[in-house]
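Me: Walk me through this one closely, please: start with a helix pair, then stay with the sheet and what packs on it. Add any odd backbone spots you come across.

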Amino acid sequence: MFDTLTDSFKNAIGKIRFHDDEKALKKALTELKKSLLKADVHHKVVKELIATVERETKKNGIGKDQFLAALQAELVRILTAEGNQGFVFASRPPTVVLMTGLQGSGKTTTTGKLAYMLKEQKKKKVLIVAADLQRLAAVEQLRQIAAQIEVDLVADENGTPVELVRTALKKAEDELYDVVLIDTAGRLAIDEELMAELAEVQQAADPDEIFYVADAMTGMDAVRTAATFKEKIGITGVVLSKFDGDSKGGVALGIAHQVGVPLRFIGSGEKMPDLEPFIPERITGRLMGAGDIEGLAEKTAGVIDEKTAKRMTSKIKKGQFNFNDFLDQMEQIKKLGSMKSIMGMIPGMGNMAKQLGDMDLENSDEVKQIKAMVSSMTPKERENPDLLNNSRKRRLAAGAGLDPMQVNRVLKQFKNASKMAKKMSTKGGMKEMQKMMQQMGGQGGGVPPGLMGR
Ligand SMILES: Nc1nc2c(ncn2[C@@H]2O[C@H](COP(=O)(O)OP(=O)(O)OP(=O)(O)O)[C@@H](O)[C@H]2O)c(=O)[nH]1
Ligand SMILES: [Mg+2]
């Protein structure tokens, strides 16, 4: 997600050596400056960052450790603005959030993503309000999203935004909802009419938070419009949507500092799980190639329950992992979002994530083939594929539209994978795996943890 930026930092870090002098520091700073500007970070933000890092490094003695510590501290400072981080619940439920933004910025999708995250990861009872009555299709769009993620919706094509908000708040009180998310109408540009409608809805909703959803691909415009919204209605957080389409990513680095409102979430794809909290300390770790273990743990916590995980591990250890388990696991992985975003959160795996590209596990040919094949097996066969004789294999192949050779190959691959998993689950197995990963591309994949300033 932050490929370009992470590369920039890595290059700059590489330019400064252990016993080094002012010349090496200058070189590193020049490199950093150049690449930050190239990544579209605002020039004022870059200037400030470079000046501070230079000053702090010199103060503490020029060297790689000091440089890293200064860079890390300055990044955290620049990414932080006064206000809440991530999703913060009101002291008294329901927490009411007003979603605002220009037309097509991603408000409705982000509303769905937030609802999904709160439901799946935090186990909260969420209510969505379709208060966009400008566009006919808007209500239907939200209806579909709500049905897909199984979250309740308040909608009425014939109502007014204010009426809908009132109905929703009453329902939330009566039925003890934890969170109410209000999707509003967008406009092509900031105009009086939009602001008047928003002000009305805001008054009726008395929200705990007002999020401004900005399209990351609009670059500096995102910063400018967010600033205007802050001035006019007092937003409490920014969400940058479509970050997956903004390969440079520099806007995310400057926006909190420039607008004076924290960047709270980043949208990284069109699907419901593609939303990530933007926590300055964690993002800094990721930018410097150290991964984001906390974020990963949070993401998996809601999805993979501990009991199942333990059962799976024990099965793997005993070499009993079978096709039924495989299908289960595939379902779970689906909920985590794109493979690339997950890999990017694992320390040292940033490079690997890049190589993976946007691999779509669910729709890859291999997975489709395996799924088709497994669904034609009997429950007994799924547990023990050795039961499959040649005639059964031929039947399976015909059922799944494969040739028998392919069936044999899948069965063999699965057996090997199962063996490997068993081996890895033993003592020392994980070490071997890490060694293998390093050889495959983790090399130079970031700052060794010992070098990170603390
Ligand atoms: N790739 C990508 N697409 C996104 C993301 N967020 C939203 N989109 C897409 O952007 C388009 C517009 O999103 P909406 O959520 O309908 O935007 P909106 O602000 O509600 O639009 P209006 O209601 O018309 O003002 C849709 O096609 C979404 O799928 C994201 O993070 N990544
Ligand atoms: Mg919308």
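**A helix pair, then the sheet**

Reply: The axes of helix H3 (residues 43-60) and helix H4 (residues 64-79) come within 8 Å, crossing at roughly 140°. Keep in mind that this is a predicted model. The H3/H4 crossing is right-handed. On the H3 side, the contact is made by Val45, Leu49, Thr52, Val53, Glu56, Thr57 and Asn60, and H4 answers with Gln66, Phe67, Ala70, Leu71, Glu74 and Ile78. Sorted by class, the contact between H3 and H4 has 7 nonpolar, 4 polar and 2 charged residues.

Follow the chain out of H4 and you hit an oddity. Pro94 sits in the loop between H4 and E1, and a cis peptide bond, with omega about 0°, joins Pro93 to Pro94. Most peptide bonds are trans.

Now for the sheet. It is open, has 8 strands in the order E3-E2-E4-E1-E5-E6-E7-E8, and its pairing is mixed. Strand E3 (152-154) and strand E8 (275-277) are the edges: each has a single partner strand, so one side of each has no neighbour in the sheet. On average, and ignoring direction, neighbouring strands are turned by 25° against each other.

Zoom in on one pair: strand E5 (residues 209-215) runs parallel to strand E6 (residues 237-241), with 5 bridges between them. In that pairing, Ala214 is opposite Leu240 of E6. As for what packs on the sheet, helix H6 (residues 136-149) touches E2, E3 and E4, and its direction makes about 165° with that of E2. Then there's H5, which lies across strand E1 (95-100), strand E2 (126-131), E4, E5, E6, strand E7 (263-267) and E8, at about 170° to E4.

E4 deserves a stop, and Leu181 is a good place to make it. Leu181 is in strand E4 (residues 179-184), and it counts as buried because it has 27 C-beta neighbours inside 10 Å, where 20 would do. Leaving out residues up to four places away in sequence, Leu181 touches Val97, Met99, Thr111, Leu114, Ala115, Val126, Ile128 and Val129. Pro207 is 26 residues from Leu181 along the chain, yet their C-alpha atoms are separated by 9.4 Å.

H5 has another role in the picture. Helix H5 (residues 107-122) gives the most to the shell around ligand 1, namely 3 residues. There are 21 residues around that ligand, and the nearest are Gly106, Thr108, Thr109, Gly186 and Gly267. By class, the shell of ligand 1 has 13 polar, 7 charged and 1 nonpolar residue.

Back to backbone oddities, with two positive phi values to check. Most residues other than glycine have a negative phi. Glu150, though not a glycine, has a positive phi of about 55°; Lys242, also a residue other than glycine, has phi near 55°. Their settings are worth setting side by side. Glu150 is in the loop between H6 and E3 and counts as exposed because just 9 C-beta neighbours fall inside 10 Å, and 12 or fewer is the cut-off. Lys242 is in the loop between E6 and helix H10 (250-259), and it is buried, with 22 other C-beta atoms within 10 Å.

Terms used
Residues are numbered from 1 along each chain as its sequence is written. Chains are lettered from A and ligands numbered from 1 in the order in which they are written. This is a predicted model: local features need pLDDT of at least 70, side-chain atom pairs count only at pLDDT 80 or more; totals for chains, interfaces and linings use all residues. A residue is near a molecule or strand if its C-beta atom, placed from the backbone, lies within 6 Å of it. Helices (H or I, at least four residues) and strands (E, at least two) are DSSP runs, numbered from the N terminus. Ala, Val, Leu, Ile, Met, Phe, Trp, Tyr, Cys and Pro count as nonpolar, Asp, Glu, Lys and Arg as charged, and the others, Gly among them, as polar. Two residues are in contact if their C-beta atoms, placed from the backbone, lie within 7 Å. Axes are lines fitted to C-alpha atoms, for helices over the stretch in contact, and angles run from 0 to 180 degrees between N-to-C directions. A crossing is left-handed if the near helix is turned anticlockwise from the far one by less than a right angle, and right-handed if clockwise. Two strands pair if DSSP finds at least two bridges between them.
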